[in-house]
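Thanks for making time this morning; I would like to walk you through one model, going from a single helix outwards to the cores and a pocket. Please keep the structure open while I talk.

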Amino acid sequence: MNQNDEKPASGPALLESVEMVFRLLDELTAARRPLGVTELAQLLQTAKPRTYRHLASMRQLGILEQDPTTEKYMLGARLVGYGEAAGEQFDLRALVDPYLTRIRDATGQTALLAVATHDTALVVSCVESKANVCISVKPGNRVLPHCSAQGRTVLAFADAASQQRVMRRKLPQLTERTLHNPEALAVRLALIRERLYDDADGEVTMGINAVCCPIFRDNDQIVGTIGIVGPSSAIPSPPPAAMLRELQSAAAEISERLHAGTYQRL
């Protein structure tokens, strides 16, 4: 075999054009509103002409639609069919829902499932605490990648290019505890890969903590996170050993059902 024909050890190289399409879809999904070419180019830190070419092609294919008045782009109707088909073929929520109830009952806190979306996480399912006053997160919430437990965990197992893009951005400081330094973030991502969990005590909202563990499928590919959210008084940092065991046990069982044995190394 010619040296130029060899595949990298990690698998085939990611085509830049394909990556660009999914980055555009991620930004439009997160925005929940139409976005213009200039705004998308700034978000992706790419040249405006390149961004426009991809948007125009995606519009021609029906993946995106364009407002005739503002000329801004939005997700197209064709994606609805893709979403329905994907949901039928791989419904992570159906698999994880019993584990969310188990975690809620064992910890007394609201249990959350988030799916990996490129370089962060999207909350898709929630089983609320039975407490009279509980802390919850609505499904559909796309968390910040640098200061949320779910987002950081997904980012920790993302490719190096995605990690660098996040760390090149201005990382907003939401509270005095928010991790917003790129160098400190890189150190934290390495720690998450080693210990297979993360928490974010007071980083998004003071007095609230979330802790989660990654869920993997074949080839140790991250597909989401499972965890809890609640008052810092009930979920201290670092989390108690029994609480962490409950989360990691559930994440390990789910990952094994998806043919990943990542947790066997703990």
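Let me begin with helix α3, residues 48-60, and bear in mind throughout that this is a predicted model. With 13 residues at 1.5 Å a residue, α3 should span 18 Å, and because its end C-alpha atoms are in fact 18 Å apart, the expected and the computed values agree. Just after this helix comes G62, which takes a positive phi of about 85°.

Which residues of α3 are buried? They are T51, H54, L55, A56 and M58, and what covers them includes the helices α1 (16-31) and α2 (37-44) together with the strands β1 (64-66) and β2 (73-75).

Now to the nonpolar cores, where the background is that nonpolar side chains in soluble globular proteins tend to be buried together. The largest core here has 44 residues, and those with the most contacts inside it are V96, I215, I226 and I254. At least two residues of this core come from each of α5 (92-107), β3 (110-117), β4 (120-127), α6 (149-156), β6 (208-217), β7 (221-231) and α9, with α9 giving the most, namely seven residues. If you look at I254 and set aside residues up to four places away in sequence, you will find that I254 touches L95, V96, Y99, I215 and I226. There is also a second, separate core of 13 residues, which includes L25, L35, M58 and I63; M58 is one of the buried residues of α3 that I listed a moment ago.

Staying with the C-terminal side of α9 (241-257), the segment after that helix holds T262. Is T262 buried or exposed? Its relative accessibility is 9%, and buried means under 20%, so T262 counts as buried. The side chain of T262 makes a polar contact with the side chain of D220, at 2.6 Å, and, leaving aside neighbours within four places in sequence, T262 is in contact with L196, F216 and D220.

Finally, the second largest pocket, which holds about 490 Å³ of space. Of the 25 residues that line this pocket, the closest to its centre are E27, L43, R142, L144 and R169. The elements giving two or more residues to the lining are α1 and α2, and α1 gives the most, with five residues. These two helices are also among the elements that cover the buried residues of α3, which brings us back to the helix I started with.

How values were computed. Residues numbered from 1 in each chain as written. Predicted model: local features only at pLDDT ≥ 70, side-chain atom pairs only at ≥ 80, totals over all residues. Heavy atoms only, no water. Helix = DSSP H or I, 4+ residues; strand = E, 2+ residues; numbered from the N terminus. Expected span 1.5 Å × (residues − 1). Buried < 20%, exposed > 50% of the residue type's maximum accessible area, 1.4 Å probe, protein only. Contact = heavy atoms within 4.5 Å. Polar contact = N/O pair within 3.5 Å; in protein donor to acceptor, adjacent residues only side chain to side chain. Core = buried A, V, L, I, M, F, W, Y, C linked by side-chain atoms within 4.5 Å. 1 Å grid on protein atoms, 1.4 Å probe; cavity = no way out; pocket = protein on both sides within 12 Å on 5 of 7 lines; lining within 4 Å. Points joined across faces, edges and corners; volume = space filled by probe spheres on them.
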